[in-house]
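Welcome! Let's take a friendly walk through a fold, one question at a time.

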Amino acid sequence: EFFVWKPAAWLRVTGADALSFLQGQFTNDLRQLGGTGAVYGLWLNHKGRVLADSFVLRGAAPEEFWVGSYFAEAAVIRERLEAYVIADDVVVEDMTTEWIGVTRFGGGGGEGLNFTGRRASEACVESMMPAGEIETAKAGMEGAVELSVEEMERRRIEAGIAAVPRDIGPGELPNEGGL
């Protein structure tokens, strides 16, 4: 089974200070990032309320990171990050319109940047790729069932996974949503 989706946010963060900068802004420990994989966490306002959630992944280059979210808008995350760039060597680029994701259930990842997703109670792998590569990716999944938006929403709700900021947002603290 698979699901094709457009991210609400897909930001590229680069620069000599990118890792230390992101670490200082994110609610999870980015030192957990090995060579591959992702870390899930939150972006909070100055009062500790939830603005957005995202995954942070290492890119191909040593000073390249990707910040992606299923539901939190790119502008919210980008504004939050850029508000705190003072003397840091960091560049934030919004690549949201140029990338697409494929969620795969019951199998490994595909082309592009792969990480463990957070969509349902069953394990899934997210594969992010430039939008122009989606037809090739779908051809490689011949015989697999393509899931609908409604089915993905059902699985998310049944698993008790909050959609940030729709289910929990700037009016709530992370622990109010079990985050």
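The questions below go from the sheet to the helices.

This is a predicted model in which local features need pLDDT of at least 70, side-chain atom pairs count only at pLDDT 80 or more, and totals for chains, interfaces and linings use all residues. Residues are numbered from 1 along each chain as its sequence is written, and side-chain values use heavy atoms, with hydrogens and water left out.

Q: In what order do the five strands form the open sheet?
A: Strands are DSSP E runs of at least two residues and helices are H or I runs of at least four, both numbered from the N terminus. Two strands pair if DSSP finds at least two bridges between them. The pairing here is antiparallel, and the order is 3-4-5-2-6.

Q: Which strands stand at the edges?
A: Each edge strand has a single partner strand, so one side of it is left without a neighbour in the sheet. These are strand 3 and strand 6.

Q: Which residue stands opposite Arg12?
A: Strand 2 (residues 9–14) pairs with strand 6 (residues 91–94) over four antiparallel bridges. Opposite Arg12, in strand 6, is Glu93.

Q: Within what arc do the buried residues of helix 2 fall?
A: Buried means under 20% relative accessible area, with exposed over 50% and partly exposed in between (1.4 Å probe, protein chains only). In helix 2 (residues 74–82), the buried residues are Ala74, Ile77, Arg80 and Leu81. They line one face of the helix, because seen down its axis, by directions from the axis to the C-beta atoms, they fall within an arc of 140°.
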